[in-house]
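Here is a short report on one protein chain. Look over the sequence and the structure first, then read on.

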Amino acid sequence: MRYELTQDEIKEMLVNVERVAHIGSWRLDSKHNDLIWSDEIYRMFEVDPLEFGASYEAFLNAIHPDDRDAVNKAYLTSLETQEAYRIEHRLMMKDGSVKAVEEWCETSFDEEGDPLVSIGTVQDISERWEAQEKIRQQSERLLENKEELEELNSSLERKVKERTKRLEDTLNELSLAQAQLIQTEKMAALGGLVAGIAHEINTPIGLGITSMTHFVDETKRLKKLYDEEQLGEDEFTDYMHSAGKLASITYENLKRAAGLVKSFKQISVDQTSEEKRDFDLRTYVEETLLSVHNRLKNSKVVVESDCPTDLTINSYPGAYSQIITNLVINSMTHAYDKQDEGTISLAFTLEGPDLEFIYKDDGKGISEAHLKKIFDPFF
């Protein structure tokens, strides 16, 4: 048996459906400007049916002022085109709050094309608008964050490039400074070598000058005896004996000075160049130690060198000279106090194709704090 709904039941069902779905319906008689709203629209618009003058103008007044022209234009356009329209807009409540609604409208026309009745629905879509607004705000924040991230990345890349450039400049400056320090160290070692050799040369040259001065005096005395016709055989024999002895002393000392100068010239060239050549190791070590003799002669420290004879090597002699000189001076400066006795030993040994060099001193040693730094450059 089929149950037929009464008109009241159908009306009640429609009211409940509209209430649950938040959708209201309306009807506008265009000829009489008579507007009918369902109960849900009154609730949606928060309007008292007894106070609402049901007309199209009254409906427009309930719309948000910023959306009013757009809604009116949409309705008038639908009348001109005789097409249905759909539009989303806002409502302005009496308390100032705002709702969002979606409106559908369809109009029927007579044979002349004049509008007869417009019917439509209004659905509360405030929650959807709020969700869309949140999504829009989140999208804007994401876009802002993306732009900030891109700016940070760009700034980071720029800073990395700038810092890399500064590091490269610093490395170049350090390389230049290192080269200058190495050259300065070479010049300082050469300066010490000059002072040492100058002191060593002064001794034989001084003895040679003293011998020649005595020789000149003896020659003048002999000439005076000759001029006064008092030169005898004994005086002449004494003169010849003295002259030979003085000439020998002068020759030996000048020969020694010449040897020192020769050694100095070679060592100085070696210390300021990086030329590789053949040299006798024993002779070169002795010549190098001679350059620091002035630092040793007034001390009680003895230098002992153990090096094979007739050992010719092909290497960089300037490096050997600098290493030996720096080690000896370092020991004299740091290992011994002024009146300390001690021994510095240098030992060279062939180990197959390699040359082993062992340097030792019996001074006070190196502090534990400095032990960790002894291989740091320029320490």
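## A nonpolar patch

This is a predicted model. Start with Leu371. Its relative accessible area is 45%. Leu371 therefore counts as partly exposed, because that class lies between the 20% and 50% cut-offs. The residue sits in helix H10, which covers residues 368-371.

Leu371 also belongs to a nonpolar surface patch. Its partners there are Ile366, Ile374, Phe375 and Phe379. The patch comes to about 570 Å².

## Helix H9

Helix H9 runs over residues 317-335, 19 residues in total. From first C-alpha to last, H9 spans 26 Å. The expected value is 27 Å, so the two are close.

Which residues of H9 are buried? At the start of the helix they are Pro317 and Gly318. Further along come Ser321, Gln322, Ile324, Thr325 and Val328. Ser331, Met332 and Ala335 complete the set. In an α-helix, residues three or four places apart point the same way, because each turn takes 3.6 residues.

## Cysteines

Two cysteines can be placed by their accessibility. Cys105 is buried, at a relative accessible area of 4%. Cys307 is buried too, also with 4%. Both values fall under the 20% cut-off, which means buried.

How many disulfides are counted? The count is 0, with a sulfur-to-sulfur limit of 2.5 Å.

## Confidence

The mean pLDDT of the chain is 81. A score of at least 70 is reached by 82% of the residues. Among the chain's elements, strand E10 (residues 354-361) has the highest mean, 94. Helix H1 (residues 7-21) has the lowest, 66.

Note on methods: Residues numbered from 1 in each chain as written. Predicted model: local features only at pLDDT ≥ 70, side-chain atom pairs only at ≥ 80, totals over all residues. Heavy atoms only, no water. Helix = DSSP H or I, 4+ residues; strand = E, 2+ residues; numbered from the N terminus. Expected span 1.5 Å × (residues − 1). Buried < 20%, exposed > 50% of the residue type's maximum accessible area, 1.4 Å probe, protein only. Patch = residues over 30% accessible without salt bridge, like charges linked within 9 Å, V, L, I, M, F, W, Y side chains within 5 Å. Areas by Shrake-Rupley, 256 points an atom, 1.4 Å probe, with all protein chains shown as cover. Salt bridge = Lys/Arg side-chain N within 4 Å of Asp/Glu carboxyl O. pLDDT = per-residue confidence, 0-100.
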